[in-house]
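Got the structure open in your viewer? Keep the selection box handy, and we'll walk through a few stops together.

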Amino acid sequence: MPREVILVDSQLGNLDSVEHALIQVGASVIVSSDPDRVATARMVVFPGQGSFGPTTRGLVDGAMGAALRMVIERGDPFLGICLGMQLLFEHSEEGGGSDGLKVLPGRVRRFPADMRAGDEPDASRLKIPHMGWSDVQPTGEHFYFAHSYYVETTDPSLVMWWCRYGSVEFPATIARGNVFGCQFHPEKSQWSGLRFLRSFILGGRA
Amino acid sequence: MLKRRVIPCLDIKNGRVVKGVHFANLRDTGDPVEAARAYDTQGADELCLLDITATTEGRDTFVDVVRRVAGQIFTPLTVGGGVRREADVRRLLAAGADKVAVNSAAVANPLLIRQLADRYGSQCIVVAVDVRQLKPLPGETEPLYEVVIHGGTRSTGLEALSWCEQAAALGAGEILLTSMDKDGTRDGYDLAITRAVSKRVPIPVIASGGVGSLEHLRQGLDPKEGAADAALAASIFHFGLYTIAQAKHYLAEHGIPVRPHEAPRGVLITG
């Protein structure tokens, strides 16, 4: 009997690739934008691309935000991907500032514009977005990232894997009880991404 | 640490992979879905599909190709070619593309870049820039490059560096920079303009046009040569000259940080 996952459609980007990857690792996927349906889920994956702003404000304050909090408080396995992870935190400075779901302590910040690729004065400026494959520590596996904002948490015990870009070390994955998040896109990270999703699906852990 | 990317590109015409020299003399080299799957297995960091058909039927066929390819791979998919308006972007994203490249339409209306970035996020809007070196005038010491559109057939009068800067300022997430002089020649990227753009803009730059060997990929990515963030190539991979895994191996051996090739267990990748 495959694990049933509710894949939350919150109009924050294309779901097909996440759905495709979840099916590939043995999940049975139900895509839903209905807060009542999401509230009853036994396992939730909440993907997101794009940015904090009007859409996320509506989500956080609305019925979907309440449903997501309910799933998390009840203790059912929950995975937030990219913006879906960032939304678990208190606040983002993106788009003039917006609140998140405030499930976890921390804030979402933009990479500083003046980071350099090395210590030499003529070292080239690092590009933003942080786009492409970076390794995470301590596992050394590579995942695909595409983001200009990162989580800065006051509680390092939340962080499972770290990633470094320029001078910033930020959480690549976070875990607290039943709540998981990844800044990278596991659905775009080939075998390492599929392994990550499979461990979440099979164990309710990442 | 962020790795440099190797991106195989498939030019699609009427649903098939073609590869031309100087965007002409097209010849059929196969099925896009099969090629995409092979590249994904070989460890491509990303895949690019460019639609080079001109007809409406061709466009519909392309969306279908995007859908079928997206269903086969677990790496990012960038698509472009003939993207005119927001509806085209929406259609391609809905078909499973992760990033959409705009070219001529952005030149005609630069604010389209901002409109698309605001709506879909910068991370999924690539501005494709085709450039050609201008014949130097007596007394000019630096080479100047002009932006061309419609497959290199039309001048725009735009200077390449300032256009790339403007595209970045309007919210582009990446620049896909193709040298029309080099495209299809297999003599290597135009390193001068690649490096100039890469140093100038604050967003990632994908080098394109002219790759004929693995050394060309290395040059494009070397911080002292092309300084690009990603290297795109078509024919060296299509014609089976090299596999992606061989390219990665070569780059790693020559000091370019790349994602190591990870073969699926139990499957032997030859070459």
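Which side chain makes a polar contact with the side chain of Asp130(B)? Select Asp130(B) and look for Asn103(B): the two side chains are joined by a polar contact of 3.3 Å. One thing to keep in mind as you click around is that this is a predicted model.

**Stop one: stay in chain B**

With Asp130(B) still selected, trace the backbone around it: you're in strand S7, residues 125-133 of chain B. Asp130(B) has a relative accessible area of 7%, and since buried means under 20%, it counts as buried.

Now add Asp11(B) to the selection. The UniProt record, an unreviewed entry, puts the feature "active site" at Asp11(B) and Asp130(B). Asp11(B) sits in strand S1, which covers residues 5-13 of chain B. Its relative accessibility is 9%, so Asp11(B) is buried.

**Stop two: hop over to chain A**

Select Cys82(A), His185(A) and Glu187(A) in one go. UniProt (again an unreviewed entry) gives these residues the feature "active site". They are spread over 106 residues of sequence, yet they cluster in space, with a largest C-alpha distance of 11.0 Å. If your viewer can draw cavities, show the largest one: His185(A) and Glu187(A) are part of its lining.

**Stop three: zoom in on Cys82(A)**

Where does Cys82(A) sit in chain A? Follow strand S4, residues 78-82, and you'll find it there. Is Cys82(A) buried or exposed? Its relative accessibility is 6%, so Cys82(A) counts as buried. Leaving aside residues up to four places away in sequence, show what it touches: Gly48(A), Ala146(A), Cys182(A), Gln183(A), Phe184(A) and His185(A). You've met one of those already, as His185(A) is also in the "active site" set.

**Stop four: on to Glu187(A)**

Keep His185(A) on screen and bring Glu187(A) back. Their side chains are joined by a polar contact of 3.0 Å. Glu187(A) is in the loop that runs between strand S13 (179-182) and helix H6 (190-203) of chain A. A loop residue, then, but is Glu187(A) buried or exposed? Glu187(A) is buried, because its relative accessibility is 4% and the cut-off for buried is under 20%.

For a last look, show the residues that Glu187(A) touches, again not counting those up to four places away in sequence. Among them are Ser17(A), Val18(A), Ala21(A), Ile81(A) and Leu197(A). Color by chain and you can pick out another contact of Glu187(A), this one with Phe74(B) of chain B.

Note on methods:
Residues numbered from 1 in each chain as written. Chains lettered and ligands numbered in written order. Predicted model: local features only at pLDDT ≥ 70, side-chain atom pairs only at ≥ 80, totals over all residues. Heavy atoms only, no water. UniProt positions renumbered as here; feature names shortened; annotations may be inferred. 1 Å grid on protein atoms, 1.4 Å probe; cavity = no way out; pocket = protein on both sides within 12 Å on 5 of 7 lines; lining within 4 Å. Helix = DSSP H or I, 4+ residues; strand = E, 2+ residues; numbered from the N terminus. Buried < 20%, exposed > 50% of the residue type's maximum accessible area, 1.4 Å probe, protein only. Contact = heavy atoms within 4.5 Å. Polar contact = N/O pair within 3.5 Å; in protein donor to acceptor, adjacent residues only side chain to side chain.
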